[in-house]
Amino acid sequence: MKKPQKFSSYIFIVLIVLESLTLAVVVGVLHAMLVKSMDREFENKASAQLAEFRLFLKDRHEYVHTRLDELSANNGIKVALLLGMTEKAAEEVASLYPPANGVTFYIRNMSGAVLPAPQKHAFLLDMELKGQAGRSDKLPNARKTATVFSHSIVRKGTQVGYAVAVYDFADDQKLFHL
């Protein structure tokens, strides 16, 4: 009578092992499917956010260049720079183009003075004047979140100054809400 009991124990152990292997395979397959699904979802979300970020930067780029074109075409600023009335030109820039969306607008006269007087962008604008704005990563005090844009201001064929914009990512609150 011992043989049937051994055989049933053997079958019982084999069935438990097979069920365990089946369960392990099913759990493994489900885990692989879940990981693949999560990776795909992450890639789709990252792709959508990248597209939104690119659109945002394109919008900011167009905003800066449109305002620089307006500023450099402003006849009141041109005449004030031509006559050496830089304070008047600076007042007009400050009133027409206040800092917004991380962008601050300035004018630079032909002697290199920047108006209105830059406070936090002074170092960056100084480096841009010296032609070293691209090398700011090697300078210890340079703001690595800001970019300088400039456009010539010309009055009747004579260059009277530059329209300058500084876009600082760190100051753009909309960027942090994307």
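Helices (DSSP runs of H or I with at least four residues) and strands (runs of E with at least two) are numbered from the N terminus, and by this scheme Gly76 is found in helix α2. The model is predicted, so that local features need pLDDT of at least 70 and side-chain atom pairs count only at pLDDT 80 or more, whereas totals for chains, interfaces and linings use all residues. Residues are numbered from 1 along each chain as its sequence is written, and side-chain values use heavy atoms, with hydrogens and water left out.

**Exercise 1. Describe the order of the elements and the overall burial of the protein**.

Step 1. The protein has four helices and four strands, and from the N terminus on they run α-α-α-β-β-α-β-β.

Step 2. Burial is judged by relative accessible area, where buried means under 20%, exposed over 50% and partly exposed in between (1.4 Å probe, protein chains only). Of the 178 residues, 28% count as buried.

Step 3. The protein exposes about 12100 Å², of which carbon and sulfur atoms supply 61%; accessible areas come from the Shrake-Rupley method with a 1.4 Å probe, and for residues only the protein chains shown count as cover.

Step 4. With contact defined as heavy atoms within 4.5 Å, residues 24 or more positions apart account for 55% of the contacts with a separation of 6 or more.

**Exercise 2. Identify the residues that touch the most other members of the largest nonpolar core, and the elements that supply this core**.

Step 1. A nonpolar core is a set of buried Ala, Val, Leu, Ile, Met, Phe, Trp, Tyr and Cys residues joined through side-chain atoms within 4.5 Å. The largest such core has 23 residues, among which Leu71, Ile77, Phe105, Ile107 and Ile153 touch the most other members.

Step 2. Two or more residues each come from α1 (2-73), α2 (75-82), α3 (86-96), β1 (103-109), β3 (146-155) and β4 (158-168), and α1 gives the most, with five residues.

Step 3. Leaving aside residues up to four places away in sequence, Leu71 touches Ile77, Val93, Tyr97, Phe105, Tyr106, Ile107, Ile153 and Ala163.

Step 4. A second, separate core of eight residues includes Val114, Val148, Val164 and Val166.

**Exercise 3. Locate the nonpolar patch on the surface and place Ile11 within it**.

Step 1. Patches are made of residues with over 30% relative accessible area and no salt bridge; like charges are joined within 9 Å, and nonpolar side chains (Val, Leu, Ile, Met, Phe, Trp, Tyr) within 5 Å.

Step 2. Phe7, Tyr10, Ile11, Phe12, Ile13, Val14, Leu15, Ile16, Val17, Leu18 and Leu21 form a nonpolar patch on the surface, with about 1100 Å² of accessible area together.

Step 3. Ile11 lies in helix α1 and is partly exposed, with a relative accessible area of 35%.

**Exercise 4. Trace the salt bridges that involve Arg60, and set beside them the pair Lys58 and Glu62**.

Step 1. A salt bridge is a side-chain nitrogen of Lys or Arg within 4 Å of a carboxyl oxygen of Asp or Glu, and by this rule the count comes to four.

Step 2. Arg60 forms a salt bridge with Asp172, the closest N and O atoms being 2.8 Å apart. Arg60 lies in helix α1 and Asp172 in the segment after β4, so this pair ties together parts that are 112 residues apart in sequence. Arg60 and Asp172 are both buried, the relative accessible area of Arg60 being 6%.

Step 3. Asp59 also forms a salt bridge with Arg60, at 3.6 Å between the closest N and O atoms; Asp59 is partly exposed, at 38% relative accessible area. Asp59, Arg60 and Asp172 are thus linked in a network of salt bridges.

Step 4. Lys58 pairs with Glu62 in a salt bridge whose closest N and O atoms are 3.9 Å apart. Being four residues apart in helix α1, Lys58 and Glu62 are separated by about one helical turn.

**Exercise 5. Examine the backbone at Asn101, Pro116 and Lys156**.

Step 1. Most residues other than glycine have a negative phi, and most peptide bonds are trans.

Step 2. Asn101, in the loop between α3 and β1, has a positive phi near 55 degrees and is partly exposed at 34% relative accessibility.

Step 3. Lys156, in the loop between β3 and β4, has a positive phi of about 50 degrees and counts as exposed, at 72% relative accessibility.

Step 4. The peptide bond from Leu115 to Pro116 is cis, with omega near -15 degrees, and Pro116 is found in the loop between β2 (114-115) and α4 (122-129).
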